[in-house]
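Got the model open in your viewer? Here is a short tour, one selection after another.

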Amino acid sequence: MAIYGVAILAGCFVVGMFFGEIIGTIMGVDSNVGGVGIAMLLLIVVVDKLQKKGMLSMPAQSGLAFWNAMYIPIVIAMAASQNVLGALTGGPLAIIAGVAAVVISWTVVPLLSGKKARESAVEFNQSHPLKTQEVK
Amino acid sequence: MFLEAITNVLEGNGLITGFVIVGVTMYVAYLISGKLTRGIVHGSAIAIVLGLVLAYFGGVYTEGTKGLADVSLFAGIGLLGGSMLRDFAIVATSFGANFDEIKKAGARGVSSLFIGVGLSFVVGVLIALLFGYNDAVSLTTIGAGAVTYIVGPITGAALNASSEVIAISIAAGLIKSVLVMVGTPFVAKYIGLDNPLSAMVYGGLMGTTSGVTGGLAATDVRLVPYGAVTATFYTGLGCLLCPTLLYILTGLVW
């Protein structure tokens, strides 16, 4: 059943967020630290285990796939609820600081990811072919 | 009578109305992508820009902080694009991600987090200096804003910064988030953003979860989970480092 997939996803989400809260409290930070990241790693491991045991039925997978596919629409809703006006009216200091931080960070990406990344791109494209139909 | 009926239906069913609005926006965006740019600019990149434009007008119309979601008819957009569903869908993107890829980039991903927070902070501090700020509290708060728009106000509140400085730090973080969202697909080619390893480094360096995951979605949706897995640690790390270690270091210099 589709709800099984959604429940697995939601279960991993809740557990990850829980650990994020705990880490935040231990670090003395008033925010959830890495809850989403932990939930993602957990989901990858859980789904892998279940798939190997053949315990993840097609309908259950469709429950996961649906929320996976809803990601882009949700990002667009997120974009539509950003404080764009606030960003643009923050004055020249805010605009220059924001732009400079982004542009300088961009230039560091290739330095940090290095040659190894280039090689893995070829491998990645072979093992994960682009599904253009799916996007549309 | 008709107008009231429409208002009641749209306001009373906000989330569902949100699905309609986003669906229509995406349809228009993919039409523009296909017909006007012949698919060169990705449909979701155009959709994100359309979303930001709508958010701008929503802000102008209501003078609120949540873009289009502040217009009562479209409040559901805020629910659909709010942090709960966003984080839920981000976790869902890891369905299909490869754990080995994440392990391979582990060390680089972690180091990119520290470099990312430090770099954005230093850049923010230097720009604030150029604009004449010279006290450690203001410099740290504006530097923290260049990290993300969440770290800025948290740091400012912890250090008792003035509300003017906190507002600047939030705005700097918002600019960062919006620019990463819109700019990522255009710079992707030049910075080698076409594989999981560099996507993880990207998430760690940029850090703004909304910017990174939105930008990667518009570049290559397969990369989203890898960027997200590092980016979601960034804000926490920033909240930890900015009001403490980075503030002390800033205080030593100024």
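**Start with confidence**

Color chain B by pLDDT, the predictor's confidence in each residue from 0 to 100: the average is 88, and 100% of the residues score at least 70. This is a predicted model, in which local features need pLDDT of at least 70 and side-chain atom pairs count only at pLDDT 80 or more, while totals for chains, interfaces and linings use all residues. Residues are numbered from 1 along each chain as its sequence is written, and chains are lettered from A and ligands numbered from 1 in the order in which they are written.

Next, pick out two helices of chain B (helices here are DSSP runs of H or I with at least four residues, strands are runs of E with at least two, and both are numbered from the N terminus). Helix α2 (residues 14-35) of chain B has the highest mean pLDDT among that chain's elements, 92, and helix α6 (residues 99-104) of chain B the lowest, 77. For the complex, the predictor gives an ipTM of 0.84 and a pTM of 0.80.

**Two annotated spans**

An unreviewed UniProt entry lists several stretches of chain B as "transmembrane region", including 109-131 and 137-159; UniProt positions follow the numbering used here, feature names are shortened, and annotations may be inferred rather than shown by experiment. Select 109-131 of chain B: the end C-alpha atoms are 33 Å apart, and the span is 96% helix and 0% strand. Now try 137-159 of chain B, where the end C-alpha atoms lie 6 Å apart with 87% helix and 0% strand.

**Over to chain A**

Chain A has seven helices and zero strands. Of its 136 residues, 45% count as buried (20 or more other C-beta atoms within 10 Å of a residue's own, with 12 or fewer for exposed, partly exposed in between, and C-beta atoms placed from the backbone).

**Where the chains meet**

Show the contact between the chains (C-beta atoms, placed from the backbone, within 7 Å): 97 residues come from chain B and 72 from chain A. On the chain B side, helix α10 (residues 163-187) of chain B gives the largest share, 15 residues.

**Last stop: B:P185**

Stay on helix α10 of chain B and zoom in on B:P185. Is B:P185 buried or exposed? B:P185 counts as buried because it has 21 C-beta neighbours inside 10 Å. Leaving out residues up to four places away in sequence, B:P185 touches B:H42, B:A45, B:G215, B:A218 and B:T219. Finally, draw a distance to B:R108, 77 residues away along the chain: the C-alpha atoms are separated by 22 Å.

Notes:
Contact = placed C-beta atoms within 7 Å.
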